Amino acid sequence: MMMLLPRQRLIAALAEVGLPPAGACRHSQAMLPLFVTDELSGRIVDRLYPDLANHLDRCPACRQEYADLSWWLAEAFKVAHEP
Amino acid sequence: MSSPLLNHPQCLAIVAQWLLAHDWQLANPEQLTNHFWQTPMPLKAIQDGIWQGYGVILHNYCCDPAGANYQRAWHELSQWLQKQLYKLPGTPKDHEEIAQESLINLQTRLTKEPLTHPRTLWAFAFQTARNQAIDLNRRRTTAKRGSEEEMPADEPDAEESWLEQKTLDNSPHQIEQAAGEAISRQQLLTFFERLLPTRLQYQVAVMHFLDNLEPAEIAPLLGKKAHEIRLVKARIVETLRNLPPESKRDLLAILGNDDDVAS
């Protein structure tokens, strides 16, 4: 997926409504461990996994799971903040 | 200001401390450091290297029932998972039950098929435990209702909430037209200021939508974690999608700098 320009991002945010594709949630959940692991180690996951990043903006259930896993993993390893 | 870079002996000392603190015995500091060391690196990169590197080692032993370290590997994973579960609400009995069922599921899964990305072992274990906690809660709810009837399976798809979402009033053609026009940053700043209820949301909106930064890039600038920024961003997107038609027209007009867009 190409990187969106700033105004395209806003327009996409307004335009992307409707059902996620069938199986999108299952696919997202299978990818979540990789997504949260890489994100916690500072990788730019929005560019590595743009479809999942986009899905998380749109799907409350997957977003909740993402939030739980991210919080849990960060707590477990208490990763230092970069200044 | 960037973090100081630590050299190899400093890295070894940190790794040794970490292994001791977690009672991780399946690698010595040199072995584990070899998994990620390349050049002098900041503390955070070393910490990430440790837990991900050890995750790989643990994963590989857990997938090898014939190996000498198999039992020890599962013991370490079990100890670690139980320790983490106690951070969650619930009784010790609940935690024990979730831990046991999670470990059985993990063992079944890893024996059948190793993870594609072994460094994700910890997150995968959390996900399994989370699913077990949801299952346990569902079973209890069912029992409380005194019904033998199975509750619906936990379908993660949030179609209901999607169905409730309003569709955009403007046609794709109009959106494209809006995209083709020049953007007015000042107008958008004013719009965000009016629309978004907190300073943090405003800052994230500006950095993400106008400055083209991703959550992982915004987080250090605001002293937050990347996942916290992502959740703020999701709230902003939700706010944008649920704008009243009038505000949505205003925003599209700003984006297109074209009054016709709103018509």
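**Review note: a helix crossing, an aromatic cluster and helix H10(B)**

1. The crossing of H4(A) and H12(B) is right-handed (the near helix is turned clockwise from the far one by less than a right angle). Helices here are DSSP runs (H or I, at least four residues), numbered from the N terminus.

2. The model is predicted: local features need pLDDT of at least 70 and side-chain atom pairs count only at pLDDT 80 or more, while totals for chains, interfaces and linings use all residues. Residues are numbered from 1 along each chain as its sequence is written, chains are lettered from A and ligands numbered from 1 in the order in which they are written, and side-chain values use heavy atoms, leaving out hydrogens and water.

3. H4(A) spans residues 50-58 and H12(B) residues 226-241; their axes (lines fitted to C-alpha atoms over the stretch in contact, with angles from 0 to 180 degrees between N-to-C directions) come within 8 Å and cross at roughly 60°. H4(A) is therefore oblique to H12(B) (neither under 35, over 145, nor 65 to 115 degrees). On the H4(A) side, A:Ala53, A:Leu56, A:Asp57 and A:Arg58 make the contact (heavy atoms within 4.5 Å). H12(B) contributes B:Arg230, B:Lys233, B:Ala234, B:Val237 and B:Arg241.

4. Over all chains, the structure holds 14 aromatic pairs (ring centres of Phe, Tyr or Trp, the last by its six-membered ring, within 6.5 Å; stacked if the planes are under 30 degrees apart). A:Trp72 and B:Phe126 are stacked, with ring centres 4.4 Å apart and planes at 20°. This pair crosses between chains, from helix H5 of chain A (residues 60-77) to helix H6 of chain B (residues 121-144). A:Trp72 is buried at 3% relative accessible area (the cut-off is under 20%, with a 1.4 Å probe and protein chains only), and B:Phe126 is buried at 0%.

5. A further stacked pair is formed by A:Phe77 and B:Trp51, at 4.8 Å centre to centre and 10° between the planes. A:Phe77 lies in helix H5 of chain A and B:Trp51 in helix H3 of chain B (residues 43-62), so this pair also joins two chains. A:Phe77 is buried at 2% relative accessibility, and B:Trp51 is buried at 0%.

6. These four residues belong to one aromatic cluster, which also includes B:Trp18, B:Trp24, B:Tyr54, B:Trp80 and B:Trp122.

7. Helix H10 of chain B (residues 199-210) has twelve residues and reaches 16 Å from its first C-alpha to its last, close to the expected 16 Å (1.5 Å times one less than the number of residues). Nine of the twelve residues are buried, so H10(B) is largely enclosed by the rest of the structure; among them are B:Tyr202, B:Met207, B:His208 and B:Phe209. Just after H10(B), B:Asn212 takes a positive phi of about 65°.

How values were computed
Buried < 20%, exposed > 50% of the residue type's maximum accessible area, 1.4 Å probe, protein only. Phe/Tyr/Trp six-rings, centres within 6.5 Å; stacked < 30°, edge-to-face > 60°.
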